[in-house]
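The following exercises invite the reader to study a protein chain step by step. Each task is followed by a worked solution.

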Amino acid sequence: EGVGVQEYTALKLRVKEWSDTARPKLAGLIPEGGNVYFVPATLRPETMYGQTCCFVGPNITYGIYEAVAGKEYYFISDRAARNMAYQGHMPAWGVYPKIAELLGADVVGTLVHAPLSAQKGGVRILPMESVKASKGTGVVTSVPSDSPDDYATMLDLVKKAEYYKIKKEWAEVEILPIIETPSYGNLTAKFLVESMKINSPKDAKQLAEAKDLAYKEGFYKGKMIYGDFKGKTVEEAKPLVRQQLIDAGDAFAYAE
Ligand code: A2H
């Protein structure tokens with residue numbers, strides 16, 4: 001763990017349809033009228049227009065926690081639930097009722113509604129081997145236009161759909177340009193992955209370098225070319241999109 005506090009935006013992706021594996025395991029556990037949300041933690045709320053799927057670690061154990069009695073349930077890591085319970089996001093201070101436990105692999109294929117995403121019909125939960133259980137919520141929303149990790153993983157999922165036990169079309173989603181930068185054009189992640197010849201999501205060292213370059217260029221030189229804050233710089237748009245999501249009840253602040 002580094003020093004200082006990381007201020008994430010925790011986004012609420014409402015479940016529309018469970019995977020075939022998860023559905024029987026959850027039978028009778030979620031009350032009528034209750035909604036379950038996958039809750040990814042992101043540092044780039046201004047990119048949420050470009051969400052194409054949402055990642056979980058297939059071997060990570062997750063819980064479904066009751067955040068608002070009978071109404072709202074969060075799919076997150078145990079660690080994140082505990083942190084949220086001390087940040088006012090659970091029914092009472094320090095309390096985080098767990099109503100179910102699932103493996104990431106169990107929920108692959110689940111369809112969720114991703115706030116702001118251009119994918120209005122929803123996006124799928126897909127596996128990402130490099131998700132860390134020890135960071136954020138253990139859930140990562142995928143924006144392949146601006147995150148080299150997300151881009152490399154989505155390419156691999158399409159290439160090896162059978163190996164990953166997914167339907168190819170779940171990962172074969174059009175990549176939407178949302179931010180333009182002077183050095184990398186309007187699909188920063190694609191540009192960097194291709195120019196650095198990154199061939200797999202396992203190229204961890206190169207991906208870390210690409211992530212650094214993408215983040216700096218995007219934050220300091222990026223301009224929005226999509227969404228409500230089109231024309232503004234990324235630096236200006238970031239807090240505005242974040243506040244808009246929070247005001248709509250689609251996100252909340254999460255720190256660790
Ligand atoms: B970011 P930091 Cl477009 N395991 O969101 C692996 N990665 C995780 C994670 C976990 N448990 N929890 C969060 N993350 C990702 C968007 C994004 C992100 C873009 C570009 C860069 C980027 C869409 N994915 O992150 O280690 C999440 O991906 C690069 C900084 O706490 C989150 O923001 O600094 C970011 O890593 C948090 O990374």
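**Exercise 1.** Which residue in E14 stands opposite Thr9?

*Solution.* The model examined here is predicted. Begin with the two strands: E1 covers residues 7-11 and is joined to E14 by five bridges, the two running antiparallel. Within this pairing, the residue opposite Thr9 is Ala253 of E14.

**Exercise 2.** Determine the order of the strands in the open sheet that contains E1 and E14, and state which strands stand at the edges.

*Solution.* Step one is the order: the open sheet has three strands, arranged E4-E1-E14, with antiparallel pairing. In general, strands of a sheet pair through backbone hydrogen bonds, either parallel or antiparallel. Step two concerns the edges. Strand E4 (41-42) and E14 each have a single partner strand, so each has one side without a neighbour in the sheet.

**Exercise 3.** Locate Glu256 and decide whether this residue is buried, partly exposed or exposed.

*Solution.* Glu256 lies in the segment after strand E14 (251-255). Counting the other C-beta atoms within 10 Å of Glu256 gives 17. A buried residue would need 20 or more, and an exposed one would have 12 or fewer. Glu256 is therefore partly exposed. As for its contacts, when neighbours within four places in sequence are left aside, Glu256 touches Gln6 and Asn83. Leu207 is 49 residues from Glu256 in sequence, and their C-alpha atoms are 23 Å apart in space.

**Exercise 4.** Describe how helix H4 and helix H7 are placed relative to each other, and which residues make their contact.

*Solution.* Two packed helices are described by the angle between their axes and the distance between the axes. For H4 (residues 148-159) and H7 (residues 204-221), the axes come within 8 Å and cross at roughly 130 degrees. The two helices are therefore oblique to each other. On the H4 side the contact is made by Pro148, Asp149 and Ala152, and on the H7 side by Leu207, Ala210, Lys211 and Ala214. Sorted by character, these residues comprise five nonpolar, no polar and two charged.

**Exercise 5.** Characterise the protein chain as a whole.

*Solution.* First, count the elements: the chain has eight helices and 14 strands. Next, compare its radius of gyration, 17 Å, with the 18 Å that the globule rule gives for 256 residues; the values are close, so the chain is as compact as a globular protein of that length. Finally, consider burial: 47% of the 256 residues count as buried.

Key:
Residues numbered from 1 in each chain as written. Predicted model: local features only at pLDDT ≥ 70, side-chain atom pairs only at ≥ 80, totals over all residues. Helix = DSSP H or I, 4+ residues; strand = E, 2+ residues; numbered from the N terminus. Rg over C-alpha atoms; globule rule 2.2 N^0.38 Å. Axes fitted to C-alpha atoms, helices over the stretch in contact; angles between N-to-C directions. Parallel < 35°, antiparallel > 145°, perpendicular 65-115°, else oblique. Contact = placed C-beta atoms within 7 Å. Nonpolar A, V, L, I, M, F, W, Y, C, P; charged D, E, K, R; others polar. Pairing = 2+ DSSP bridges.
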